[in-house]
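Me: I'm new to this one. Can you walk me through it, starting with the ligands?

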Amino acid sequence: MPIDSLGELELHNKNNNPRHIAIIMDGNGRWAQKRFMPRAVGHQAGVRAVRKIVEYCIKQKIEVLTLFAFSSENWRRPEPEVSLLMALFMASLQREINKLDRNNIRLRFVGDRTAFPEKLQQKMTDGELQTKDNTALTIVVAANYGGHWDICQAINKVTNKILTGELHNQQINEELIGQHLSTADLPEPDLFIRTGGEQRISNFMLWQLAYTEMYFTTTLWPDFDQNSLEDAIKSFKSRQRRFGHTSEQVLNKSVNL
Ligand code: IPE
Ligand code: IPE
Ligand code: MG
């Protein structure tokens, strides 16, 4: 960790805020259907909800916000919905990248982007390059992402390094696998939120969520606002994270978590 971010880390530890929040933004379709509107309207409302959450994360000095935007399984949806989601993704990037940059936000994508249209891939790379040195908040958009995919691509990278002699197979351990995941340079999520009422992981960051605190809410994503996020963070702060230790060990501060 660079020396200059130590002060910032102390601040995080002091207010016990999560450093990394990862969200499955679910419920757009049902939000629209409840209003007798097409699912597309729900997805549009979902994009609007993201903005307020980003503002709140900056205010609260959250370091990383990961948003599950499109899963590797979402290709199974009807073609018009998939096309609409792609168009919305492209339009949002076109509209927001400069704004994110002006607000000192770093944008990152995880997932298999090779399946996306060429133009969209270009926009994603441009957005990452333009914002790469920003420091206020890192937004990780998980697009065509799956936890299985992430672990597979890590294994592929490791295997290639073994084949070229850069690594020896005896060096394979948890740390090494972690270093080859798409989120290798980021802290692991402290708080996981899923809106929309389902209580499942849906192939989201399977490896990374090993010790994440889970928070499920029935609020549909377009209705999830700053107060909702505050409730989730409040719940997070009320929990004791033990990482396998006993409660007494944690209370006595005899262990480093
Ligand atoms: C989440 O909302 C957005 C994406 C998966 C892209 P849904 O579209 O899954 O909404 P519901 O679950 O059908 O209400
Ligand atoms: C998970 O939501 C993916 C995203 C929010 C992008 P889904 O709505 O696709 O999940 P399932 O299929 O109900 O598990
Ligand atoms: Mg859903």
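Reply: Start with ligand 1. One of its oxygen atoms is 2.9 Å from a polar backbone atom of Gly29. That is a polar contact, meaning a pair of N or O atoms within 3.5 Å; within protein, one must be able to donate a hydrogen and the other to accept it, and residues adjacent in sequence count only if both atoms are side-chain atoms.

Me: What should I know about the model and the numbering?

Reply: This is a predicted model: local features need pLDDT of at least 70, side-chain atom pairs count only at pLDDT 80 or more, and totals for chains, interfaces and linings use all residues. Residues are numbered from 1 along each chain as its sequence is written, chains are lettered from A and ligands numbered from 1 in the order in which they are written, and side-chain values use heavy atoms, with hydrogens and water left out.

Me: Which side chain has an N or O atom 2.9 Å from an oxygen atom of ligand 1?

Reply: That of Asp26. Gly27 also has a polar backbone atom 3.4 Å from an oxygen atom of ligand 1.

Me: Which residues surround ligand 1?

Reply: Among them are Met25, Asp26, Asn28, Arg30, Arg39, His43 and Leu85. A residue counts as near if one of its heavy atoms lies within 4 Å.

Me: And what surrounds ligand 2?

Reply: The list includes Ile24, Met25, Asp26, Phe68, Phe70, Arg194, Arg200 and Ser202. The side chain of Asp26 has an N or O atom 3.1 Å from an oxygen atom of ligand 2. Arg194 has a polar side-chain atom 3.3 Å from a ligand 2 oxygen. For Arg200, that distance is 2.8 Å.

Me: Switching to helices. At what angle do helix 3 and helix 4 pack?

Reply: About 30°, with the axes 11 Å apart. Helices (H or I, at least four residues) are DSSP runs, numbered from the N terminus. Axes are lines fitted to C-alpha atoms, for helices over the stretch in contact, and angles run from 0 to 180 degrees between N-to-C directions.

Me: Are they parallel or antiparallel?

Reply: Helix 3 is roughly parallel to helix 4. Angles under 35 degrees count as roughly parallel, over 145 as roughly antiparallel, 65 to 115 as roughly perpendicular and the rest as oblique.

Me: Which residues of helix 3 meet helix 4?

Reply: Arg39, Ala40, His43, Gln44, Val47 and Arg51. Their partners in helix 4 include Glu81, Leu84, Leu85 and Arg95. Contact means heavy atoms within 4.5 Å. Arg39 and His43 also help surround ligand 1.

Me: What about helix 4 and helix 5?

Reply: Helix 4 covers residues 79-102 and helix 5 covers residues 118-131. They pack at about 20°, axes 10 Å apart. They are therefore roughly parallel to each other. Helix 4 residues in this contact include Met86, Phe89 and Leu93. On helix 5, Leu120, Lys123 and Met124 are among them.

Me: How do helix 3 and helix 8 pack?

Reply: At about 50°, with axes 9 Å apart. That makes helix 3 oblique to helix 8. Lys52, Ile53 and Tyr56 are among the helix 3 residues that take part. Helix 8 brings Gln226, Leu229, Glu230 and Ile233.

Terms used. Helix = DSSP H or I, 4+ residues; strand = E, 2+ residues; numbered from the N terminus.
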